[in-house]
Every structure is written in structure tokens, then in C-alpha cells.
Amino acid sequence: MKKIAIITMGVKLNGEKGYTRFGYLAEFLTKKGYQVDLITTSFQHWEKAQRDMKKIEKDIEEGMYPFGLRFIYEPGYKKNVDLARVRSHRIASANLKKMLEEKPKDGKYYDLIYAEIPPNDVARTAAEYARKHRIPFVADVNDLWPEAMRMVLDVPVLSSILFHPLQKDAEKVYSLVSGVVGTSDEYRDRPFQNQKRTVPKITVYVGNEIEVFDKGAEDNLSIVPKLDGEFWVSYAGTIGTSYDIRTMVLAGEELANRGYSNIKIKILGGGPMKEELEELANSRQIYNVEFVGYAPYGKMAAYLKQSDVLVNSFVKKAPQSIVTKIGDYLAAGKAMINTCMSPEFRAKVEQDGFGVNIMPEDVKILADAIVDLYENEEKRLQMGCVARKIAEEQFDRPKAYQKIEQLIAELTRG
């Protein structure tokens, strides 16, 4: 039995907020016959607080995790982009190095290291450990640092100096990979931008479990009431700098001014700009915009299923590609309005036909796109059917994640 470490600083454990990708992957690989340790941090990124370790220990004792769980201490931070987070990850990286160098209790060392990047320094520690012990290292590229951080702090010269260590760590990680998993083609190819490597690389979208999504939606539909005649245009995700929620709010105002009082804008999620944008809606008396707040997964699924149109909303400069929420959007089977400028995703929207691309940060353009889908039901419903088909074929984790297992099997063979 091959022993694998999956290293991630951002994973949702039982009862927590957050993303499920790495927890699912750990369980998936365990079922495939691997001995898996999921190594994560004491700090819960979405809660911005230290984890309740007593509860986790109790869950472990009760057999709620089929894989091993190991924790490295991290002091934490309050904002997604600030010096405290850089320092926190640096401490986590040092603690990871100590943990990996410890003699394992079962006497069996890892046969492969699988680590997400970012955080870049944590991934570098994992990559250098793998090189030192001559075992394969797989990087799971699901964001680009420092590119994404420049959205929040882009000061000429200063940002370049500040982010240089992140860039240096990223290139070091990319130079040490034995294999690459990207959550988009763009992310998959990023490690080879500045250096030529002949290692296997695959794209596996973050995706979701469609069966879980459908059950969550079904179980929660009764608590997500929708009045007859209402037309919902929804967004689910972070309310932060990269996401063009301001334009959605003002599009709500524009639609009301045009007489479309039955079109409602639903914004699910939280983030650093939520209060500011709620105040914008209140001060301008935009009553057809509702900030739902954070919704547990099943309730979010119900909102998406109740919606008529979903908006993948990003600002012009956002570096994101095919993000986590896309799997849920597609599973809902609704037409999508996309403002993300990623060439890869815009091409996918157009070629697959599950939505429309528009330019971001333009209230009139967004309002026009909403009205077009509102008035063209056949077009809207056809896009929704295509969306669901793409979700089932390309984003359903039980199918899609087999490619990751195949890569790991290839790298650990022999």
C-alpha cells in the first residue's frame, strides 16, 4: 500500500466552512487503496480562527475520517491579503518542515507528496522535502500568487519588491514538480511558463459531487421560497476585490428603473467588501438586491436551483480562471452570464454554449444581458440544459478525479 501526504492550508473539515476539494481527494484516494495523510493547518482560513481541536479529535476517535489527519500550527490572520498572512504561512512552512522530518509513528515514510500551491512557501517546503528524499512531488495549482495579490495591492516598485519572495518560491516549486494538476488549463501550464519540463500534467476542474449538490438542493428548497413571477439573478461566492459585485448591485437599480421590478438580484456569500456594498444598496434604496450572506452548501444549492440566471462576476483585472463555484453553477442547470476575462473560460462559455460572455464593470451591459435572457426563455433554458450536461461530464468529482489517481499511480509505480 502506497503512503501519500496531501498538504493543504485550506480544507473544510466536518462542520466547518470552506472548500471540500482536498478532503474529497483524501477520501477518494483512500478508497482506491492508498494510505493517506491529510496535512493541514491549525488555523481555519474561512472562519479566521483556530480550529476546535477537541472536536476534531473526537471526530477522529469516532471514525469520521477514513484517512489520517495531521495538523501544523499556524498563528493566523484577519485579512486575505496582508503581511500577517505572509508571516502566518511562513511559520506554517517552518512547522511543516519539522513535521515531515519527524520519524513516522508507523515507521513508514511517504511514497509521494501532493501539495496545493498557493501558499507558495508551504508548497516549496513540501517540494524540497520530496527532492531530498527522492520521492515524487505533485503540485496542485489552484490559484496564482503573486498575480492574484496584485488585485489588492498593486503599487509600482513596492509590490514587485514585496511579492518577489512569492514569485521566487513559485518558480522553485515549479522546478521541482514530478507532475502537475491544474484546476484549469491556464493553471496547469503555468509551471512551464519560464522553464521547460517534461513531466506529466493534467487539468482537473475543482468540480463537485453532483449527487451531493442535488440532494442538498432538494432538502433545502422548502426554506428558499420564491414568489410567483419572480426572476432571480444570483451570485454565490466571495464578496471581495476580484469580484464585480458592485456592478451587480447597480444593475439591480438599472433594472428597477427600466420597470423590471420582478427581477431580483440575490448575492450569496461573505467577504471584506460585503458591508460596503450593502451600504451602497441601502443608501441608493435598491430594494431588489438581497445580500443573503453565507449559506451552508445545501442551502446555496437550493438558491442556485431556484435562480433563473447565474452570474460569474469578476472585475477586469482579476487573474482567476475556472474557479470553484463553476461546478455548482453548472450543476444547477441555469444559463450563466460570465464577466471573467480568462481567455480559457470565455472560450469554454462560447464553445460549450451554456452562457454568454460580457465585459465586466459596465452596469448597462450587465442589465442588457439579464433582460435578453429574461425575455428569451427558450435560449435561457437551452443554455441551462447544456450547463447540466457539462457538469455531469466534466465536473463530477467521482469521474473527474480518476485522472488524479491515474497520475499518482503512474508516479509511484515501481
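**Exercise 1. The second largest pocket**

Task: In this predicted model, work out how much volume the second largest pocket has, and which residues lie closest to its centre.

Solution. Start with the size: the second largest pocket holds about 440 Å³. Its lining counts 24 residues, and H89, R90, S93, D121 and D169 sit closest to the centre. Next, ask where the lining comes from. Helices α3 (83-101), α4 (120-132) and α5 (158-176) each give at least two residues to it. The largest share belongs to α3, with 11 residues. Last, sort the lining by class: you get 11 nonpolar, three polar and 10 charged residues.

**Exercise 2. Helix α3**

Task: Check the span of α3 against 1.5 Å a residue, then find which of its residues are buried and what they pack against.

Solution. Take the span first. With 19 residues, α3 should cover 27 Å, and its end C-alpha atoms are 28 Å apart, so the two agree. Now go through the helix for burial: R85, S88, H89, A92, S93, N95, L96, M99 and L100 are buried. Two of these names, H89 and S93, have already turned up among the residues closest to the centre of the second largest pocket. As for partners, the buried residues of α3 pack against strands β1 (3-7), β2 (35-41) and β5 (68-72), plus helix α4.

**Exercise 3. Helix α13**

Task: Do the same for α13 (residues 363-375), and say what covers its buried residues.

Solution. Span again: 13 residues at 1.5 Å each should give 18 Å, and the end C-alpha atoms are 18 Å apart, so that checks out. Look at the start of the helix next, where a side-chain oxygen of D362 comes within 3.1 Å of the backbone nitrogen of K364. The buried residues in α13 are L366, A367, A369, I370, V371 and L373. Their cover includes the strands β10 (231-236), β11 (263-268), β13 (309-312) and β14 (335-338). Helices α8 (245-257) and α14 (377-395) are part of that cover too.

**Exercise 4. The cavity**

Task: Find how many cavities of 30 Å³ or more the whole structure has, and describe the lining of the largest cavity.

Solution. The search turns up one cavity at that cut-off. The largest cavity encloses about 40 Å³. Around it you find D244, T247, M248, S313, T339, I358, M359, P360, E361, D362 and L366. By class, that lining splits into five nonpolar, three polar and three charged residues. Tie this back to α13: L366 is one of its buried residues, and D362 makes the approach to K364 at the helix start.

**Exercise 5. R346, buried or exposed?**

Task: Place R346 in the fold and decide on its burial.

Solution. R346 is in helix α12 (residues 343-352). Its relative accessibility is 15%, so R346 counts as buried. Now list its contacts beyond four places in sequence: N338, T339, C340, M341, N357, I358 and M359. Of these, T339, I358 and M359 also line the largest cavity. One contact has a polar side to it: a polar atom of the R346 side chain lies 3.0 Å from the backbone oxygen of C340.

**Exercise 6. G269**

Task: Say where G269 lies and which residues it contacts.

Solution. G269 is in the loop between β11 and α9 (274-283). With 9% relative accessibility, it counts as buried. Leaving out neighbours within four places in sequence, G269 contacts G237, I239, K274, G293 and Y294.

Technical notes:
Residues numbered from 1 in each chain as written. Predicted model: local features only at pLDDT ≥ 70, side-chain atom pairs only at ≥ 80, totals over all residues. Heavy atoms only, no water. Helix = DSSP H or I, 4+ residues; strand = E, 2+ residues; numbered from the N terminus. Buried < 20%, exposed > 50% of the residue type's maximum accessible area, 1.4 Å probe, protein only. Contact = heavy atoms within 4.5 Å. Polar contact = N/O pair within 3.5 Å; in protein donor to acceptor, adjacent residues only side chain to side chain. Expected span 1.5 Å × (residues − 1). 1 Å grid on protein atoms, 1.4 Å probe; cavity = no way out; pocket = protein on both sides within 12 Å on 5 of 7 lines; lining within 4 Å. Points joined across faces, edges and corners; volume = space filled by probe spheres on them. Nonpolar A, V, L, I, M, F, W, Y, C, P; charged D, E, K, R; others polar.
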